[in-house]
Amino acid sequence: MHWARICARLQTEVGEVEYRTWLKQITLGPVDEDEVTLFLPTRFLRDWVRGQYGDRLNDLWSAEIAAVRRVELQVQRGTPARAASAQGVAVDAPVPEPAPPVVAEIRNDLAAPLDSRFTFDSFVVGKPNEFAYACARRVAERPSSAGFNPLFLYGGVGLGKTHLMHAIGSELVRDGRVSVAYMSAEKFMYRFIAAIRSQSTMQFKEQLRSVDVLMIDDLQFLIGKDNTQEEFFHTFNALVDAGRQIVVSADKSPSDLSGLEDRLRTRLGCGMVADIHATTFELRISILEAKAQASGVPVPPKVLEFLAHKITTNVRELEGALNRLIAHAQMFGRPVTLESTQEVLHDILKAHDRRVTIEEIQRKVAEHWNIRLTDMSSARRSQAVARPRQVAMYLSKQLTSRSLPEIGRKFGNRDHTTVMHAVSRVTDLMQLDSAFAEDVELLRRMLES
Ligand code: ADP
Ligand code: MG
């Protein structure tokens, strides 16, 4: 009874599509005094429902039964995935899930396992990361060569640092001749502290110093952790002096890692320092193409372009969005389309909706055609300025939520009919003149990313 009411409520709240896609998959489990259990057929669905509706479910349940303190979402295979089974799609079709398989046992039990998905082959190379990639490859081929020790990889989150480190590790471990230890700086610290507690620091040091290749990820974590830094510094020196390879990653360059001891920073910068830059549109497309292809689910180029336009922060988010699309398509046996993309990813897309301002548009367009910014609002009517101005109006209409009169005002108090005329003029011209259309598309792309 309670559950039926909650379902009805949710249905009206979230709308039919959302409800059927996600919430209808829930089955009611045990209702205890203060805890309700709900089942979902896959981990993917469970995480999704928890992320999107967890709080709402909690609220609705406690409104029904005041004693309920917790709504527990669990995976129970075999619970009906109605939309899916209705279309004869296996619910357990390979949905991308975490829990990576271990590529190879690493001899040193200090280390974290390597993720077998993070290889050089699966790393898509483009301008922003080609240097880092080349350095990583080089180290994997010939560890401890002069000039490449230590290898210091740095760049923003989700741009592939960990991926490259695992790729180096897997490559070396495959050879079987070298021992590799990979761990995050955080883990390094906890291990170190645990060793101190259990009075086994000697053993810890020996273990560390016995590897051929030591990789420490996210070194910035050691900022402010002076004792651990000290320990790392000694380990570092001992290894390098013994001709072993060190690979380190961080979110900043050694010189920008303020808060790290000077002598450590100096040593970190002594080998090869390689940065991974923010992705470009081209790289995002290549990555999406590679990942879509690997999944085996056809994703139309339009969808890939759309994602590459919209999600510009980092590869992890891009990948997450694509995985969700793919999982959704597999689960429901429906093809991926631009429409379904917008539906499935609406929350992500909303978060990434960058608000472009009319001023930004005017500036970019003026730069592009080399006219003065003031001409965006001037009365001059020569085509050399009138055309770019029309494009700027057109883009303002396309990329912002401003009304026609509002846009007109920003362009030297022009009338809304002028804006309307500009929009239709540019639309027509784009049909007629493909070079012009490309220009406008390029501008749009720049403004959106
Ligand atoms: P970082 O360690 O820099 O925060 P990760 O290495 O964890 O980033 O990368 C985040 C995700 O993006 C991973 O799943 C990784 O496989 C993927 N990724 C990043 N860069 C690339 C790339 N160039 N090609 C393919 N996948 C990539
Ligand atoms: Mg990382």
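The buried residues of helix α3 are Phe44, Leu45, Arg46, Trp48, Val49, Tyr53, Gly54, Leu57, Leu60 and Trp61. The model is predicted.

**Helix α3: a bent helix**

Helix α3 covers residues 43–64. Its end C-alpha atoms are only 27 Å apart, short of the 32 Å that a straight helix of 22 residues would reach. Where is the kink in α3 centred? It is centred on tyrosine 53, with an angle of about 70°. Tyr53 is also among the buried residues of α3.

**Helix α11: agreement with the expected span**

Helix α11 covers residues 281–295. Its 15 residues should span 21 Å at 1.5 Å a residue, and the end C-alpha atoms are 21 Å apart, so the two values agree. Buried in α11 are Phe281, Leu283, Arg284, Ile285, Ile287, Leu288 and Ala292. Their cover includes α12 (301–310), α13 (315–332) and α20 (434–448). Just after α11 comes glycine 296, with a positive phi of about 80°.

An α-helix has 3.6 residues a turn, so residues three or four places apart point the same way. In α11, Leu288 and Ala292 are both on the buried list. In α3, so are Tyr53 and Leu57.

The two helices are set out here.

| Helix | Residues | Number of residues | Distance between end C-alpha atoms | Expected span |
|---|---|---|---|---|
| α3 | 43–64 | 22 residues | 27 Å | 32 Å |
| α11 | 281–295 | 15 residues | 21 Å | 21 Å |

**The sheet beside α3**

Three strands form an open sheet in the order β1-β2-β3, with mixed pairing. The edge strands are β1 (27–31) and β3 (70–75), and each pairs on one side only. From one strand to the next, the twist averages 25°. Strand β2 (residues 35–40) runs parallel to β3, and six bridges join them. Which residue of β3 is the bridge partner of valine 36? It is valine 71. Helix α3 lies across β1, β2 and β3, and runs at about 165° to β3.

**The chain as a whole**

The chain has 20 helices and eight strands. Of its 449 residues, 47% are buried. The C-alpha atoms fill a box of roughly 80 × 65 × 40 Å along the principal axes. Among contacts between residues at least 6 apart in sequence, 72% join residues at least 24 apart.

Confidence comes last. The mean pLDDT is 86, and 91% of the residues reach 70 or more. Over residues 80–108 the pLDDT is below 50. This stretch still has 66 contacts in the model beyond near neighbours in sequence.

Conventions: Residues are numbered from 1 along each chain as its sequence is written. Chains are lettered from A and ligands numbered from 1 in the order in which they are written. This is a predicted model: local features need pLDDT of at least 70, side-chain atom pairs count only at pLDDT 80 or more; totals for chains, interfaces and linings use all residues. Side-chain values use heavy atoms; hydrogens and water are left out. Helices (H or I, at least four residues) and strands (E, at least two) are DSSP runs, numbered from the N terminus. The expected span of a helix is 1.5 Å times one less than its number of residues. The bend at a residue is the angle between axes fitted to the seven residues ending there and the seven starting there. Buried means under 20% relative accessible area, exposed over 50%, partly exposed in between (1.4 Å probe, protein chains only). Two strands pair if DSSP finds at least two bridges between them. Axes are lines fitted to C-alpha atoms, for helices over the stretch in contact, and angles run from 0 to 180 degrees between N-to-C directions. Contact means heavy atoms within 4.5 Å. pLDDT is the predictor's confidence in each residue, from 0 to 100.
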